[in-house]
Amino acid sequence: GHASVLVAAAQHVRVIVLLLAVQQHSPWQHHRRSDAATCRQRHHMHSASTKHQSKNGIQDQLFPTRACIYLFQSDPNNASLGLTWGSVIWPSGTTQCSAGDDDGSNGQCSDLSNSRVLELGCGTGVVGLTCAKLGAEHVTLTDSESSLWPLLRRSIAANSINDGRVSIHGLDWKDVSTFLDPTVSANRYDLVLAADVLYAGMDGLFARVLASHLPCMDEAKGMQSKPTEAIIACPFRTDSPLLNFFGIAHRLGLAL
């Protein structure tokens, strides 16, 4: 389940936080094979090369999100790969992709035709790649860990996403020189997504990077008929800095 909190609402932008009732189990584990098998049957995916595999510490799995996508993840405990915890699929990402399914609504990752999507702190890219499979015009996956790029490229290829519809950008929240310039038309987005990025010490950095990638009122004039929407999925955790994030977001002009 989930609940949503509207952080900001203006003519040109809406920021929504999804409070997720998900357990943060160890992410390096097999998802239920029954779910994956059902998804495979529904989409007629029977290729032997796309079943559960684990080779050299890299795992290939089919995840029953709204688009039933294949993702590559890797055990960050394998020092030889030099990866971080961003290399595994966390429950927040898959839950964000399916938010709205249980009550019969369309969920947030739907009706994406002609939409440009930005995912902040993408990790394995589960949210952004789901959007791409659901018809987004273009998806930009961003993360500061370049060690994730090979996994992301393999996932893009495994899902047969057309070249040019998904790009990867190294965005370091501590380094403003890596931020995308929202005044450039190619960096203007209809939807900004992030899953499980609010934890101790990251609230201020995330608020800044979010504000930097949303259009200001002057930039938004004449850009689009509907406001840019940002959706942040947050699981329950005892050390969540969510209230601090709300305060920082307000000071940065993300709340009225």
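1. Let's start at Gly-135, in the loop between helix 3 (126-133) and strand 7. Please keep in mind from the outset that this is a predicted model. Gly-135 follows helix 3 and has a positive phi, near 105°. With a relative accessibility of 35%, this glycine counts as partly exposed, because the partly exposed class lies between the 20% limit for buried and the 50% limit for exposed.

2. Which residues does Gly-135 touch, once residues up to four places away in sequence are set aside? They are Leu-112, Ser-113, Asn-114 and Arg-165. Ser-113 is a good one to find on your screen: 22 residues separate Ser-113 from Gly-135 in sequence, yet their C-alpha atoms are 5.3 Å apart in space.

3. Now step back into helix 3 itself. Of its 8 residues, 7 are buried, so the rest of the structure largely encloses this helix. The buried ones are Val-126, Val-127, Gly-128, Leu-129, Thr-130, Cys-131 and Ala-132. Try colouring them and turning the model around. Cys-131 has a relative accessibility of 0%, and therefore counts as buried.

4. One neighbour of helix 3 is helix 2 (residues 91-98): the axes of the two helices come within 9 Å and cross at roughly 30°. Helix 2 is therefore roughly parallel to helix 3, because angles under 35 degrees fall into that class. The crossing of helix 2 and helix 3 is right-handed. On the helix 2 side, the contact is made by Gly-93, Thr-94, Gln-96 and Cys-97, and on the helix 3 side by Val-126, Val-127 and Thr-130. Sorted by class, the contact of helix 2 with helix 3 has 3 nonpolar residues, 4 polar ones and no charged ones.

5. A second helix pair makes a useful companion example. Helix 5 (residues 203-212) and helix 7 (residues 242-251) have axes that come within 9 Å and cross at roughly 40°. Helix 5 is therefore oblique to helix 7. The handedness of this crossing is right-handed. From helix 5, Asp-203, Gly-204, Phe-206, Ala-207 and Leu-210 meet Asn-244, Phe-245, Ile-248 and Ala-249 of helix 7. The residues of the contact of helix 5 with helix 7 comprise 6 nonpolar, 2 polar and 1 charged.

6. What do the buried residues of helix 5 pack against? Their partners are strand 2 (13-20), strand 9, strand 10 (228-235) and helix 7. The residues of helix 5 that are buried are Asp-203, Phe-206, Ala-207, Val-209 and Leu-210.

7. Next, visit His-138 in strand 7 (residues 138-143). Is His-138 buried or exposed? His-138 is buried, at a relative accessible area of 12%. Leaving out residues up to four places away in sequence, His-138 touches Ser-115, Arg-116 and Val-117, as well as Gly-164, Arg-165, Val-166 and Ser-167. Arg-165 may look familiar, as Gly-135 touches Arg-165 too.

8. Two backbone angles deserve a friendly second look. Most residues other than glycine have a negative phi. Ser-160, however, has a positive phi near 55°, and Asp-196 also has a positive phi, of about 55°. Ser-160 sits in the loop between helix 4 (149-158) and strand 8 (166-170), and Asp-196 in the loop between strand 9 (191-195) and helix 5. Ser-160 is exposed, with a relative accessible area of 62%, whereas Asp-196 is buried, at 13%.

9. How many disulfides does a search of the whole structure find? The search finds 0. A disulfide is a covalent bond between the sulfur atoms of two cysteines. While looking at cysteines, note that Cys-122 is buried, with a relative accessible area of 5%.

10. Finally, here is the chain as a whole. The protein chain has 7 helices and 10 strands. Of its 256 residues, 49% are buried. Among contacts in the chain with a separation of 6 or more, 67% come from residues 24 or more positions apart.

Notes:
Residues are numbered from 1 along each chain as its sequence is written. This is a predicted model: local features need pLDDT of at least 70, side-chain atom pairs count only at pLDDT 80 or more; totals for chains, interfaces and linings use all residues. Side-chain values use heavy atoms; hydrogens and water are left out. Axes are lines fitted to C-alpha atoms, for helices over the stretch in contact, and angles run from 0 to 180 degrees between N-to-C directions. Helices (H or I, at least four residues) and strands (E, at least two) are DSSP runs, numbered from the N terminus. Angles under 35 degrees count as roughly parallel, over 145 as roughly antiparallel, 65 to 115 as roughly perpendicular and the rest as oblique. A crossing is left-handed if the near helix is turned anticlockwise from the far one by less than a right angle, and right-handed if clockwise. Contact means heavy atoms within 4.5 Å. Ala, Val, Leu, Ile, Met, Phe, Trp, Tyr, Cys and Pro count as nonpolar, Asp, Glu, Lys and Arg as charged, and the others, Gly among them, as polar. A disulfide is a pair of cysteine sulfur atoms within 2.5 Å. Buried means under 20% relative accessible area, exposed over 50%, partly exposed in between (1.4 Å probe, protein chains only).
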